[in-house]
Amino acid sequence: MCRYFGLDEQSDYEHRLAGLLDKNIALWDVLGRAERQGSLDSAINIQTEQANPIDAFITQHTSVEAILFNGGKAESSFKKVFAKQPVFANIATHKLPSTSPAFAAMSFEQKCQQWHQCLSLYF
């Protein structure tokens, strides 16, 4: 996201987040809470998953056009909770490769290429 929008990748998180908000981009984890051993998404105990209230956010922000998922776990967790809710009926969704270094099946440059291709649909 920083590369695509020309944000300083070395700036602190708050500054980068403000840069995204200036572009009308909201950044939010699908899961607000979950238990897991270690840091891998595959270690999340699905019985402890609690989604953030994304449906309420969408209800308040009706101009949202798309939701981009940072990896398969984000997409599957979203679908599990929100898939059939009418509030999402006209919002495009895109599963993109996780930017986590733990997802090593692609180089960082390949990940950027896919993210940039998707972002170009909207910006």
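User: Where does Lys111 lie?
Analyst: In this predicted model, Lys111 lies in helix 5, which covers residues 108–119.

User: Which side chain of opposite charge is nearest to Lys111, and how far away?
Analyst: That is Glu109, at 11 Å. Lys111 is buried and has no salt bridge.

User: What does the side chain of Lys111 reach, then?
Analyst: The backbone oxygen of Ser100, at 2.9 Å.

User: Leaving aside neighbours within four places in sequence, what is Lys111 in contact with?
Analyst: Pro97, Ser98, Thr99, Ser100, Phe103 and Met106. Ser100 is thus both in contact with Lys111 and the residue whose backbone oxygen the lysine side chain reaches.

User: Switching to helix 2. Which of its residues are buried?
Analyst: Helix 2 runs over residues 13–22, and its buried residues are Leu17, Gly19 and Leu20.

User: Why are they on the same side of helix 2?
Analyst: Because they cover an arc of only 155° around the axis.

User: What do those buried residues pack against?
Analyst: They pack against helix 1, residues 2–5.

User: And which exposed residues are on the face turned away?
Analyst: Glu14, His15 and Asp22 are the exposed residues carried by the face of helix 2 turned away from its buried side.

User: What happens just after helix 2?
Analyst: Asn24 takes a positive phi there, of about 65°.

User: Cysteines next. How many disulfides does the structure hold?
Analyst: Zero. Cys2 is in no disulfide, and its nearest cysteine sulfur is that of Cys112, 10.0 Å away. Cys112 is likewise in no disulfide, with the sulfur of Cys2 as its nearest.

User: Is Cys2 buried or exposed?
Analyst: Buried, with a relative accessible area of 15%. Cys112 also counts as buried, at 12% relative accessibility.

User: How many salt bridges in the whole structure?
Analyst: A search finds five. One of them is between the side chains of Glu49 and Lys80, at 3.1 Å from N to O.

User: Where do Glu49 and Lys80 sit in the chain?
Analyst: They are 31 residues apart, so the pair links distant parts of the chain. Glu49 is in the loop between strand 1 (31–33) and strand 2 (50–51), while Lys80 is in helix 4, residues 72–82. Glu49 counts as buried, at 15% relative accessibility.

User: What does Lys79 form a salt bridge with?
Analyst: With Glu75, where the closest N and O atoms are 3.4 Å apart.

User: How are Lys79 and Glu75 placed in helix 4?
Analyst: They are separated by about one helical turn, because they are four residues apart in that helix. An α-helix has 3.6 residues a turn, so residues three or four places apart point the same way.

User: Buried or exposed, those two?
Analyst: Glu75 is buried, with a relative accessible area of 17%. Lys79 is partly exposed, at 44%.

User: Which residues do salt bridges that share partners join into one network?
Analyst: Arg3, Glu9 and Glu109. Within that network, the side chains of Glu9 and Arg3 meet at 3.4 Å, N to O.

User: And how accessible are Glu9 and Arg3?
Analyst: Glu9 counts as partly exposed, at 40% relative accessibility. Arg3 is partly exposed as well, with a relative accessible area of 39%.

User: Back to Glu109, then. Where did that come up before?
Analyst: With Lys111: Glu109 is the nearest side chain of opposite charge to that lysine, but at 11 Å Lys111 has no salt bridge. Glu109 does belong to the network with Arg3 and Glu9.

Conventions:
Residues numbered from 1 in each chain as written. Predicted model: local features only at pLDDT ≥ 70, side-chain atom pairs only at ≥ 80, totals over all residues. Heavy atoms only, no water. Helix = DSSP H or I, 4+ residues; strand = E, 2+ residues; numbered from the N terminus. Buried < 20%, exposed > 50% of the residue type's maximum accessible area, 1.4 Å probe, protein only. Lys, Arg positive; Asp, Glu negative; His and termini not counted. Salt bridge = Lys/Arg side-chain N within 4 Å of Asp/Glu carboxyl O. Polar contact = N/O pair within 3.5 Å; in protein donor to acceptor, adjacent residues only side chain to side chain. Contact = heavy atoms within 4.5 Å. Arc of directions from axis to C-beta. Disulfide = S-S within 2.5 Å.
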